[in-house]
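Hi,

Here is the structure I promised you. Have a look at it first, and then read on for my notes.

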Amino acid sequence: LLLRCANDIPQARGLGSSSAAIVGGILAARALTVDGVAKLDDAAVLALASELEGHPDNVAPCLLGGFTIAYEENGVGRAVRLTPSPEIVPVAYVPAERGLTAHARAALPRDVPHADAAFNAARAALLVHALTADPDLLLSATEDRLHQQYRAAEMRQSADLVADLRRMGIPAVVSGAGPTVLALLRDSGSGQPAAPEFGPEWRVWQLR
């Protein structure tokens with residue numbers, strides 16, 4: 001048996017490369033097992049992948065695709081999949097520099113103001129609507145008070161790029177723990193939108 005794994009996801013950039021490796025490994029094992037799907041359905045794959053990764057946030061979209069809402073129930077990773085608006089064109093700005101999730105998490109405070117938590121809860125609900133039904137609301141729906149401001153000092157270039165894109169009216173956020181920046185462009189039906197360029201230090205990667 002010869003097995004080759006080609007992972008095109010840049011590592012340590014906030015794009016879920018470790019989740020892709022975990023999900024890929026589980027699905028490969030399932031495919032090599034007689035009656036593998038019957039023994040380990042997708043819900044079980046998600047639960048196992050969540051256990052290995054530590055949370056379902058990244059393994060859920062890797063397994064299910066599209067737009068997912070991941071959560072834990074009694075310690076088990078679960079997710080629902082929604083279909084995003086076809087107008088939305090996600091574009092990743094991937095820097096050459098790498099970032100460590102542990103460092104990004106260490107920058108977060110243990111406690112946050114209640115007003116900020118309430119703000120993000122409202123934005124999370126709005127984001128579901130904006131991604132699936134009304135992309136006009138994406139700029140407001142992608143506002144954040146819980147992690148980007150605390151991590152800005154660790155990834156100043158990413159924070160500056162997010163600010164530049166948002167000043168241009170383009171919804172943009174730090175992808176995962178960073179340092180990649182995710183921009184949500186719009187396809188008006190007249191062809192794919194052109195992603196703004198910000199110099200050779202940023203690889204512009206249009207995603208499906």
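S50 is a good place to begin: in this predicted model, its relative accessibility is 5%, so S50 counts as buried, the cut-off being under 20%. The residue belongs to helix α3. If you leave out residues up to four places away in sequence, S50 touches H55, P56, V59 and G77.

Helix α3 also brings us to helix α1, since the two pack together with their axes 10 Å apart and at an angle of about 135°. That angle makes α1 oblique to α3. The crossing of the two helices is right-handed. On the α1 side, the contact is made by S18, S19, I22, V23, I26, L27 and R30. On the α3 side, the residues are D42, V45, L48, A49, L52 and E53. Sorted by class, this contact has eight nonpolar, two polar and three charged residues.

A few words on α1 itself. This helix covers residues 17-31, which is 15 residues. From its first C-alpha to its last it reaches 21 Å, close to the 21 Å expected at 1.5 Å a residue. Which of its residues are buried? They are S17, S19, A20, I22, V23, I26 and R30. The buried residues of α1 pack against α3 (42-53), as well as against α2 (36-39) and α4 (59-64).

Just before α1, have a look at A12, which lies in the segment that precedes the helix. A12 is not a glycine, and yet its phi is positive, at about 55°. With a relative accessibility of 22%, A12 counts as partly exposed.

N74 has a positive phi of about 55° too, although N74 is not a glycine either. You will find N74 in the loop between β1 and β2 (76-82). Is N74 buried or exposed? Its relative accessible area is 79%, and because the cut-off for exposed is over 50%, N74 is exposed.

Next, helix α6, residues 114-132. Its 19 residues should span 27 Å at 1.5 Å a residue, and the end C-alpha atoms are 28 Å apart, which agrees. The buried residues in α6 are D116, F119, N120, A130 and L131. They pack against three strands, β1 (67-73), β3 (88-95) and β5 (181-186), and also against the helices α7 (138-141) and α8 (148-151).

The loop between α6 and α7 holds P135. P135 has a relative accessible area of 7%, so it is buried. What does P135 touch, leaving aside neighbours within four places in sequence? Its contacts are S85, E87, I88, A130 and R186. A130 is one of the buried residues of α6 mentioned above. As for R186, it is 51 residues away from P135 in sequence, while the C-alpha atoms of the pair are 8.1 Å apart in space.

Another proline to look at is P179, in the loop between β4 (172-174) and β5. The peptide bond that leads into it from G178 is cis, with omega near 10°. Two other residues in these notes are in contact with P179, namely S158 and E97.

S158 sits in helix α9 (residues 156-167). At 0% relative accessibility, S158 counts as buried. Apart from neighbours within four places in sequence, S158 is in contact with V181 and W202 as well as with P179.

E97 is in the loop between β3 and α5 (101-106). Its relative accessibility is 34%, so E97 counts as partly exposed. Along the chain, E97 and P179 are 82 residues apart, but their C-alpha atoms are separated by 7.7 Å. Not counting residues up to four places away in sequence, E97 touches R13 and Q157 in addition to P179.

If you open the model in your viewer, you could start with the contact of α1 and α3, and then go to the cis peptide bond from G178 to P179.

Best wishes

Key:
Residues numbered from 1 in each chain as written. Predicted model: local features only at pLDDT ≥ 70, side-chain atom pairs only at ≥ 80, totals over all residues. Heavy atoms only, no water. Helix = DSSP H or I, 4+ residues; strand = E, 2+ residues; numbered from the N terminus. Expected span 1.5 Å × (residues − 1). Buried < 20%, exposed > 50% of the residue type's maximum accessible area, 1.4 Å probe, protein only. Contact = heavy atoms within 4.5 Å. Axes fitted to C-alpha atoms, helices over the stretch in contact; angles between N-to-C directions. Parallel < 35°, antiparallel > 145°, perpendicular 65-115°, else oblique. Left-handed = near helix turned anticlockwise from the far one by under 90°. Nonpolar A, V, L, I, M, F, W, Y, C, P; charged D, E, K, R; others polar.
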